[in-house]
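Here are some exercises for reading a protein structure step by step. Keep the sequence and the 3D view open, try each task, and then compare your reasoning with the solution.

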Amino acid sequence: MEKRGLSEAEAKRKLAQFGPNEITDISKTTAIRILLRQVKNNFIVYLLLGAVLISFFVGKTITAYVIFCVIIMVVGLGFVQEYKADKAIKALKKMILPFSLVIRDGKEKDVLSSVLVPGDLLLLRSGERIPADCLVLEETSLSINEALLTGEAKEVRKEAAKDGLKPAEQNLLFMGSFIVNGKCLARVQHTGMCTHFGNIAKMISTTEKELPLQQKVNKIAKYMALVAVIVSLLTGLLMVLQAEALTSEFLVSVLILVIALSVSAFPEGLPVVLITALAFGARRMAKQNAIVNRMSIIETLGETTVICSDKTGTITAGEMTVRKIVIDRKDIDVEGIGYAAAGRFLLEKKEIHPLSDPTLLLLLKTAVLCNDSRIELEGETQVYRGGGLPTEIALLILAAKAGIVKENVRYTRLKEIPFSSERKMMSVLCELEKKNAVFVKGAPEVVLDHCTFIRKQNKIVPLSSAEKKGILNANRMMTSKTLRTLAFATKDLSVGERTKKRNSGVQDGELENDLIFLGLTGMEDPPRAGVKEAIMLCQHAGIEIKMITGDNKETALAIAREINLSGEVLEGHELEKLSPAELRKVIRNIAIFARVKPEHKLQIVKALKSRGEIVTMTGDGVNDAPALKEAHIGVAMGRNGTDVSREAADLILKDDNFITMVSAIEEGRRIFRNIRKFVTYQLSCNLTELLVLFCGVLLSPLLGWQIPLLLALQILFINLVTDNLPAITLGLNPSSADVMSEKPRRKAELLSKNLFVLLFFTGILIALFVLAVFYLSFNVFQESIGTARTTALVSLILLEIASAFNFRSFRKGVFTRSLFANRPLVFASLISLAATVVVIYTPLQVIFETTALSLGNWATAVFLALLLVLIFDILKRINNKTKFIDLWK
C-alpha cells in the first residue's frame with residue numbers, strides 16, 4: 001500500500017528501519033545558495049567593492065565603511081526578499097513519504113515504494129494508491145479509479161489473471177491509480193520510469209519553459225546599465241576637463257562619483273522590487289487558494305489568451321452527484337454538487353420534504369443499506385469525505401441531504417450478493433425494524449427483470465408491461481442526458497421465508513425474485529458551482545476557454561451546454577489525422593476536445609502556441625502533466641491532483657476550483673500593471689539623478705557651480721532610501737475594478753512607447769526642478785555650496801516621493817484620492833523623510849556632508865513637490881477626457 005502525508009516523527013521512525021536518516025534541514029543550504037547568488041549575479045556589488053578598495057587606498061576610511069554598509073544593505077535586502085519567497089513556496093509543498101506493504105520471504109513488511117522491484121508481491125486495499133504497474137493475482141470485489149491516468153471518473157472493475165492466458169487490461173493495475181473498493185494480491189511488473197505513469201513523466205522532461213518576465217527585466221537592465229555607464233563616464237570626463245588642477249585626491253573623488261552615479265542610474269533595486277511584488281502577489285494568491293510554484297510566471301498569468309481546461313475534476317467537481325430521481329412517474333430534481341450534504345428536493349420546481357413520501361423514503365433507505373461505501377464529515381462543515389465507489393458515495397450523499405445517515409440506521413446485514421459485471425446488480429438481506437427485508441440496486445433493465453411489483457401511490461401493485469416500458473423510456477431519457485442510472489427495488493420476506501432463513505438459509509435466486517420496483521436515480525459528475533460565471537468573466541476579458549477531456553463526445557457536450565461553452569468538437573481519433581499545420585488552422589474554432597490522450601493534449605497546446613497564444617493549461621491527473629509543462633502556465637489541482645502534475649505545474653489550486661484560476665489571472669493582470677508602474681517610476685528616478693549630475697557639470701562653467709552638485713554618498717543615500725522603498729510599495733497597489741474588462745496583452749513589453757514618454761517627461765521635469773532649486777539657493781540667495789547641495793538633496797527626495805504618489809494611478813489624481821489608498825507607500829515615504837532628517841540634523845551630517853536647513857529651504861522643497869503633484873493631476877484629468885495617450889498600450 002502507499003501511505004501519504006506521514007508526520008515527520010513517524011516518517012523518521014520508518015526511514016530509520018531502512019538506513020541512515022536522509023531528512024535534512026535544507027534551510028541553511030538554501031540560505032547560502034541565495035546569498036551566493038545575490039553576490040555573484042549583482043554587478044553593483046562589484047562596482048561598490050571597487051569603490052571601497054579605492055577609498056581605503058587613498059585614506060578615505062569613513063567613505064569606505066559607508067559604502068561597505070551600502071553593499072550589505074543591497075545584498076541583504078535582496079537576500080531577505082528572495083529567501084522569504086523561497087521559504088514561503090517550499091512551506092506550501094507537503095513532504096510525501098510513500099510506503100508499500102509487500103510480502104518478502106513469506107513475511108509482510110513495509111518498504112519504501114521507491115525500492116520496489118519487479119516480482120515483489122503487494123497487498124493493496126480500498127483507498128490506497130497503486131505504487132507500480134502490477135498484475136492482479138487474487139482479488140475480492142476489486143474496483144479501480146484510473147481518472148488520474150485516463151481523465152475518466154468511472155471506476156474500472158479488475159479481475160485476477162488466469163493461468164496460461166495472456167493478461168488483459170482488466171488484469172493490470174497502473175501506477176498512479178487507486179483502489180476504490182475491494183482488495184487484492186498483485187505482483188509488481190514495472191516500476192519507476194518503466195511504468196505507464198513513467199512514460200508520461202518522460203514526456204514532461206522534453207521542454208523547458210521560458211521566463212518572459214525575467215527576459216523583459218534583463219532587457220531593461222541591460223540598456224539602462226549601458227546608458228548609466230556612458231553618462232557616468234561622460235560626467236567624470238567633463239569634470240576632469242574642467243578641473244584647474246588634477247590632484248590625486250580630485251581624481252579619486254571623480255572616480256568614486258562615477259561609480260556612485262553608475263550605481264544610482266543602474267536599476268539594481270529592480271530585481272529586489274520585482275521579487276517583493278511577486279512574493280506579495282504569491283501571498284495574495286495563496287489566500288485565494290492558488291499556490292505559486294514559480295513566482296516568475298505570475299506576470300505571465302495576466303497575458304493569458306487561452307485556457308485549456310481538463311473537464312474531470314476541474315470544470316466538473318470530480319465527484320458523482322445524484323441529479324434526478326424518478327418514482328411513481330414523478331421526476332424529482334436534486335440540488336447540490338459534490339460531497340456537500342446541502343441540496344433541496346424539487347418536484348415541478350417546488351421544494352418537497354423527502355421523508356414525507358413513503359416511496360422516496362424507502363428508495364433512500366435502499367440506497368444507504370445496499371451500499372458498501374462510507375462517508376464522514378470533514379470537521380464541522382456539511383461537506384463529507386467519501387471512501388469507496390463514487391456511485392455509492394453519491395447515493396450516501398443523496399440520503400444525507402434528506403437527513404438519512406447510515407450510522408443512524410439500526411440494521412443488521414444478514415446476507416449479501418455482491419455486484420459483478422455479469423450480474424450488474426447488488427442485493428443485501430437486512431434485519432430492519434424487526435423485519436427481514438431485501439434491498440437491491442443495479443442496472444435498470446436487469447433490476448426490472450427481477451421485479452413483479454411496483455410501488456405506486458403508496459400501494460404495491462403488479463408491474464405491467466406498460467409500466468416497464470414507461471420506466472425504460474424514463475431511463476433512456478436520463479441516459480441521453482449523460483446521466484448514469486441505477487434502479488432500486490425491495491421486498492419484505494414472508495414468515496415462511498424468514499423461518500427458512502433461520503433454518504437452512506435462503507437461496508440467492510429466491511432473494512432476488514418477485515421484487516417491488518421503487519424507482520430510478522440519475523447521477524453525473526456535474527460542473528462546479530461558479531464555473532459558468534467564471535467562464536463568462538473570461539470571455540468578457542477576451543480569454544478563450546477550451547475543454548479537453550478523455551470522456552466521450554456526448555458527455556463533454558452535455559457539460560459544455562451547462563456552462564454555456566459553445567464551439568466545435570474534435571475527438572482524439574480525428575485529431576490524429578491532422579497535421580500540425582492543419583490543426584493550427586482549425587483549432588481557433590474548436591472549443592471541446594473529447595477522447596484525447598496525453599500526446600493529444602501536447603499537440604493542442606503546441607498548436608495554440610504556434611498561433612501566438614499565451615496558453616494556460618489546467619488539470620489534475622498524470623495525463624495532464626506533459627501539457628502542463630508545455631503550456632506557458634501549467635495549473636494543477638491541489639486536492640485531487642497527482643504529485644507529477646503538481647511538480648510540472650507553475651500554479652496549484654488548493655480547492656481545485658476553476659474560479660480560483662480566474663482569480664489568479666486577475667491577480668496576474670494586477671501585478672503586471674504594478675510592475676509597469678514601479679519600473680517606470682524607478683527608471684524615471686534613475687534618469688533624474690543622471691540628468692541632475694550631468695547637466696550640473698555642463699552648467700557649472702556658466703553659473704559658477706562647484707561640482708558635483710550631489711556627492712557620491714548622497715547619491716547612494718537617495719538610491720537606497722527614496723528609490724527602492726517607494727518602488728517596492730508601488731508593487732503593492734490594490735487592483736483596479738476594470739482589470740478584467742480589457743483584452744489580454746500578447747507578450748507586451750514592460751515599457752511601452754507611451755510609458756517611455758511618461759518616464760522621460762517625469763525625469764526631465766524633476767531634474768529641472770532640482771537644478772532650479774540649486775540655482776536659487778547658490779546663485780540667487782547666495783547660500784553656501786553645502787546648503788545648496790543639501791537643499792537640492794531634500795528637494796530631490798521630496799520630488800521622488802511625490803512622484804511615487806503620482807504613479808499610484810495613471811488615471812486618478814493624488815488630490816482627489818485618499819492618501820491611504822496605498823498604505824505601505826505612506827509608511828515608506830515617512831521612513832524616507834525620517835532618514836533624510838537623520839542625515840541632516842545628526843552627527844551623520846559629517847559623513848554625508850550635509851548642513852542644517854532653514855524653514856525657507858524646506859518650504860521651497862515642499863512647494864515644488866506639491867507643484868509636481870498638481871501638474872500631474874491636471875494632465876491626468878485632461879488625458880481622461882481627451883484619451884490622448886493610453887498608458888496601458
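Two strands count as paired if DSSP finds at least two bridges between them. Please keep in mind that this is a predicted model.

**Exercise 1. The open sheet**

Task: Find the order of the eight strands in the open sheet, and work out which strands stand at its edges.

Solution:
- Step 1. Walk across the sheet from partner to partner. The order of the eight strands is E8-E28-E27-E26-E9-E23-E25-E24.
- Step 2. Look at the directions. The pairing in this sheet is mixed. As background, strands of a sheet pair through backbone hydrogen bonds, in either a parallel or an antiparallel way.
- Step 3. Find the edges. Strand E8 (290-292) and strand E24 (568-571) each have a single partner strand, so one side of each has no neighbour in the sheet.
- Step 4. Add the twist. From one strand to the next, the twist averages 20 degrees.
- Step 5. Zoom in on one edge. E8 runs antiparallel to strand E28 (residues 651-653), and three bridges join them. Here Ile-291 stands opposite Ile-652 in E28.

**Exercise 2. A strand with two partners**

Task: Describe how E17 pairs with E16 and with E18, and say how many of the residues of E17 are buried.

Solution:
- Step 1. Start with the cover. A residue is buried when its relative accessible area is under 20%. In strand E17 (residues 425-432), seven of the eight residues are buried, so by this cut-off the strand is mostly covered.
- Step 2. Take the pairing with E16. E16 and E17 are antiparallel and share six bridges. Ile-417 stands opposite Ser-427 in E17.
- Step 3. Take the pairing with E18. Strand E18 (residues 435-442) is also antiparallel to E17, over eight bridges. Leu-429 has Val-438 in E18 as its bridge partner.
- Step 4. Look at the turn. The hairpin of E17 and E18 has two residues between the strands, and Glu-433 takes a positive phi near 55 degrees there.

**Exercise 3. Salt bridges and their surroundings**

Task: For three salt bridges, give the N to O distance and decide whether each partner is buried or partly exposed.

Solution:
- Step 1. Recall the rule. A salt bridge needs a side-chain nitrogen of Lys or Arg within 4 Å of a carboxyl oxygen of Asp or Glu. The count by this rule is 24 salt bridges.
- Step 2. Lys-324 and Asp-333 form a salt bridge, with N and O 2.8 Å apart. Lys-324 has a relative accessible area of 15%, so Lys-324 is buried. Asp-333 is partly exposed because its relative accessibility is 32%.
- Step 3. In the salt bridge of Arg-413 with Asp-372, the closest N and O atoms are 2.8 Å apart. This pair links distant parts of the chain, 41 residues apart: Arg-413 is in strand E16 (residues 411-417), while Asp-372 is in the loop between helix H12 (358-369) and strand E14 (374-377). Arg-413 is partly exposed at 27%, and Asp-372 is partly exposed at 35%.
- Step 4. Lys-546 forms a salt bridge with Glu-544, and their closest N and O atoms are 3.5 Å apart. Lys-546 is buried, with a relative accessible area of 1%, whereas Glu-544 is partly exposed at 23%.
- Step 5. Look for a network. Arg-284, Glu-667 and Arg-670 are joined into one by salt bridges that share partners.

**Exercise 4. Nonpolar residues inside and outside**

Task: Which helix gives the most to the largest nonpolar core, and which helix gives the most to the nonpolar patch?

Solution:
- Step 1. Begin inside. The largest nonpolar core has 115 residues, and Leu-651, Phe-658, Met-661, Phe-678 and Leu-710 touch the most other members. Helix H25 (residues 658-703) gives the most to this core, namely 17 residues.
- Step 2. Find the other core. This one lies apart and has 40 residues, including Ile-332, Leu-364, Cys-370 and Met-523.
- Step 3. Move to the surface. A nonpolar patch there has about 710 Å² of accessible area together, and its residues include Phe-761, Phe-815 and Val-862. Helix H31 (residues 855-882) gives the most to the patch, with six residues.
- Step 4. Check one member. Leu-875 belongs to the patch and lies in helix H31. Its relative accessibility is 37%, so Leu-875 counts as partly exposed.

Key. Residues numbered from 1 in each chain as written. Predicted model: local features only at pLDDT ≥ 70, side-chain atom pairs only at ≥ 80, totals over all residues. Heavy atoms only, no water. Buried < 20%, exposed > 50% of the residue type's maximum accessible area, 1.4 Å probe, protein only. Helix = DSSP H or I, 4+ residues; strand = E, 2+ residues; numbered from the N terminus. Core = buried A, V, L, I, M, F, W, Y, C linked by side-chain atoms within 4.5 Å. Patch = residues over 30% accessible without salt bridge, like charges linked within 9 Å, V, L, I, M, F, W, Y side chains within 5 Å. Areas by Shrake-Rupley, 256 points an atom, 1.4 Å probe, with all protein chains shown as cover. Axes fitted to C-alpha atoms, helices over the stretch in contact; angles between N-to-C directions.
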